[in-house]
Amino acid sequence: MLRCVLKASSTTIGGRCSETLAACWHGRGFSAKPTPTKSSVAKSKKKMGAPSEDSAMSGSGGVVEHPDLDDNQIRLRRLQEDDKDKSLDVGPNGRPLFTSAPSLSHLTHKDSCSYFGFTIEDLNATLPEGLPDGMLKEFDDSLRTALLVRKSFLDLRDNFSRIVDPPTWSLNTKAPKVRKQIVLDGPLSCGKSIALALLVHWARNEGWLVLYVPKGRSWTHGGYFYGNPQTGLWDTPVQAENILKDFLKFNENLLQQLPCQINDPIPLGEGAGVGWLKGVDSMPMPEGSTLYDLVVAGMTRTHAAVGVVVRLRKELSIVKDIPVLLAVDQFNSWFTFSEYQEPVTVRSCRPIHSRELATVNAFRPMMHNDMMIGAFSHSTAVGKLRKELPDVPLDARVDLPRYSLDEASAVAYYYLRQRLIRREVFSEEKWRKIYYLSNGNGAEMRWLAPLIL
């Protein structure tokens with residue numbers, strides 16, 4: 001009931017993103033509040049009348065508030081003025097609100113509960129497959145490309161870092177257990193997708209070869225699907241081609257340096273909307289081919305797309321020159337039924353499970369020695385899965401917690417700094433009320449902040 005009342009009152013709050021930020025972030029799917037039409041501006045002028053000199057000046061920093069600007073544009077101008085005053089960048093207990101670490105690799109546990117700044121250009125370049133919706137929403141509401149440094153992310157980063165570069169532990173120190181396979185679980189909107197994206201960002205800056213799947217559900221929905229009598233699985237050539245295109249976006253230079261180590265011909269399947277090739281059932285790979293040549297062959301030949309994705313999985317397992325990481329978001333969608341159905345009779349169909357798809361069947365298992373992390377998504381309506389999953393180690397599941405009280409405190413001060421919260425009504429009692437009402441849920445804290453404070 002409380003959420004319904006607050007939601008009704010939230011309609012009075014302005015749009016979520018300024019036109020200036022939308023222009024900077026154009027191409028990444030950021031939403032922008034539509035520009036007011038001439039008629040709406042004229043009506044507002046009639047109601048308000050001509051602004052006086054005193055009313056045209058903001059109460060903060062002397063920023064001129066033009067009558068044609070909406071609330072978020074005015075807020076953005078004030079934030080630009082605030083950037084000049086570093087005394088505002090103060091968090092709880094006088095701690096710096098923003099970390100000075102130059103990269104995710106330089107973050108230490110002392111930087112937890114502070115914010116790390118990105119540029120949208122860097123994020124687009126390092127994560128060209130797409131950014132998580134939660135990350136985009138945070139940037140959109142706060143009008144700043146910064147994210148909270150959480151202990152849970154630092155633990156994930158250190159876990160995989162120790163696998164590649166094992167530290168030397170003293171005899172009196174108990175070495176923490178490392179896991180090559182991890183399944184991130186936790187409550188809705190606790191930050192699983194953001195933690196996964198940050199891990200991919202860090203690994204790629206370290207020079208790793210990362211296959212990042214930001215939307216695992218897309219592997220099991222849409223496009224064509226064909227039964228392959230040679231494998232007994234279902235081929236999805238459209239999805240396979242998209243998988244290869246996404247993999248090539250960031251990794252092109254690395255793939256050109258890695259030779260193919262399996263010389264067997266690539267089995268061909270049914271092409272997307274074009275049927276089978278007559279008299280041809282395989283495609284040879286020339287001697288001396290690289291993984292780049294393999295991926296391009298699957299992208300340009302629809303009959304080979306699925307076979308190339310399956311072969312790529314085998315090739316990634318035997319790469320030794322550089323670390324390889326498989327990172328899959330919405331991983332739980334691979335343990336339930338896909339969108340596809342197989343006709344059984346004239347009036348009935350059998351739902352096809354995701355494990356029956358050749359691409360999912362190749363990448364889903366975790367019973368191997370490769371580094372792999374999958375994140376569950378509870379916003380995809382998959383449903384609750386059992387604790388023991390097929391082909392997944394028993395100790396692979398790691399629960400990502402909601403915000404702790406210290407993290408929530410840093411978030412409240414950050415929203416105060418970004419003018420989501422009004423400074424004149426801000427108090428510790430009120431931000432604690434937001435924390436307890438949301439139970440530490442990050443999305444709900446961000447939604448409640450401008451309503452309560």
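Which residues line the second largest cavity? The model on screen is predicted, and the tour opens with this question.

**First stop: the second largest cavity**

Select Leu104, Leu107, Phe116, Phe118, Leu147, Leu148, Val149, Arg150, Phe153 and Leu198; together these residues form the lining of the second largest cavity. The space inside amounts to about 50 Å³. Colouring the selection by residue class shows nine nonpolar residues and one charged residue, with no polar residue in the lining. Arg150 belongs to this lining and counts as charged.

**Second stop: the largest cavity**

Next, select Val183 together with Lys387, Glu388, Leu389, Val392, Pro393, Leu394, Ala396 and Arg397, the residues that line the largest cavity. Its volume is about 60 Å³. Here the lining comprises six nonpolar and three charged residues, and again no polar ones. To display the charged members, pick Lys387, Glu388 and Arg397 from the lining.

How many cavities of 30 Å³ or more does the count give? The count comes to three, and the two visited so far are the largest and the second largest.

**Third stop: Cys113**

Move to the loop that joins α4 (71–82) to β1 (115–117), and select Cys113 within it. The backbone deserves inspection at this point: phi of Cys113 is near 70°, a positive value in a residue other than glycine. Is Cys113 buried or exposed? Cys113 counts as buried because its relative accessibility is 17%, and the cut-off for burial is under 20%. Phe116, one of the residues that line the second largest cavity, falls within the numbered range of β1 (115–117).

**Fourth stop: Asn439**

Proceed to the loop between α14 (428–438) and α15 (442–452), where Asn439 is located. Asn439 likewise has a positive phi without being glycine, with a value near 60°. With a relative accessible area of 47%, Asn439 is partly exposed, whereas Cys113 is buried.

**Last stop: Cys190 and the cysteines**

Finally, select Cys190, a buried residue with a relative accessible area of 5%. How many disulfides are counted in the model? The count is zero. A disulfide is a covalent bond between the sulfur atoms of two cysteines. The count rests on a cut-off of 2.5 Å between cysteine sulfur atoms.

Terms used: Residues numbered from 1 in each chain as written. Predicted model: local features only at pLDDT ≥ 70, side-chain atom pairs only at ≥ 80, totals over all residues. Heavy atoms only, no water. 1 Å grid on protein atoms, 1.4 Å probe; cavity = no way out; pocket = protein on both sides within 12 Å on 5 of 7 lines; lining within 4 Å. Points joined across faces, edges and corners; volume = space filled by probe spheres on them. Helix = DSSP H or I, 4+ residues; strand = E, 2+ residues; numbered from the N terminus. Buried < 20%, exposed > 50% of the residue type's maximum accessible area, 1.4 Å probe, protein only.
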